[in-house]
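Work through the exercises below with the sequence and the model at hand. Try each task before reading its solution.

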Amino acid sequence: MVVAGGNGEGNRPNQLSNPQYVFVDRDHSVYVSEYGNHRVMKWEEGAKQGIVVAGGQGAGNSLTQLNGPRGVIVDQLGTVYVADHENHRVMRWPKGATQGSVIAGGNGYETQSNQLGHPIGLSFDRHGNLYVAEYRNHRVQKFNIE
């Protein structure tokens with residue numbers, strides 16, 4: 001059963017381009033990070049098309065853009081967390097927001113604790129700490145996000 005996309009590659013609301021990571025929330029909505037469209041889409045259960053919940057403004061590093069998003073997590077409030085792979089940062093997009101904020105990295109690709117090297121995977125522990133797997137730095141960092 002197709003739950004997102006399935007209408008060929010593209011950037012229309014019923015299409016995906018190079019989907020990477022998936023997160024399913026308690027309401028069975030499916031969130032998909034799209035490397036090709038530089039966005040995260042939300043597909044509610046049974047929907048024939050999705051809505052953009054992060055990015056979707058082309059590749060770039062402004063607060064309205066993503067560049068090759070990978071890992072995606074959504075909290076109980078609907079806040080979307082995205083591993084912005086090519087921008088070496090993790091972004092937070094509150095529900096309904098038209099732009100996000102940088103919550104980790106965003107200081108170039110290096111190995112300092114405030115820098116990330118191609119973040120790819122995200123996870124939270126029960127205390128709200130964010131764990132970020134870095135593809136190029138061969139490490140996982142833990143961040144206390146407030």
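**Exercise 1.** Find where UniProt places the feature "repeat: NHL", and describe each span in this predicted model.

Solution. Step one: the unreviewed UniProt entry puts the feature at residues 65–96 and 115–146. Step two: take residues 65–96, a span that is 0% helix and 50% strand. Its end C-alpha atoms are 15 Å apart. Step three: residues 115–146 are 0% helix and 56% strand, and the end C-alpha atoms of this span lie 18 Å apart.

**Exercise 2.** State the strand order of the sheet formed by 4 strands, and explain why one side of S5 and of S8 is left without a neighbour.

Solution. Step one: the order is S5-S6-S7-S8, in an open sheet with antiparallel pairing. Step two: strand S5 (69–74) and strand S8 (101–105) stand at the edges; each has a single partner strand, so one side of each has no neighbour in the sheet. Step three: from one strand to the next, the twist averages 25°. Step four: look inside the sheet, where 5 bridges pair strand S6 (residues 80–84) with strand S7 (residues 89–93) in the antiparallel sense. Opposite Val 82 stands Met 91 in S7.

**Exercise 3.** Which strands are the edge strands of the sheet S9-S10-S11, and what is the bridge partner of Val 132?

Solution. Step one: these 3 strands make an open, antiparallel sheet. Step two: strand S9 (119–124) and strand S11 (139–144) are the edge strands, as each pairs on one side only. Step three: the twist here averages 25° from one strand to the next. Step four: strand S10 (residues 129–134) is joined to S11 by 6 bridges, and the two run antiparallel. Val 132 has Gln 141 in S11 as its bridge partner.

Terms used:
Residues are numbered from 1 along each chain as its sequence is written. This is a predicted model: local features need pLDDT of at least 70, side-chain atom pairs count only at pLDDT 80 or more; totals for chains, interfaces and linings use all residues. Side-chain values use heavy atoms; hydrogens and water are left out. UniProt positions are given in the numbering used here, feature names are shortened, and annotations may be inferred rather than shown by experiment. Two strands pair if DSSP finds at least two bridges between them. Axes are lines fitted to C-alpha atoms, for helices over the stretch in contact, and angles run from 0 to 180 degrees between N-to-C directions.
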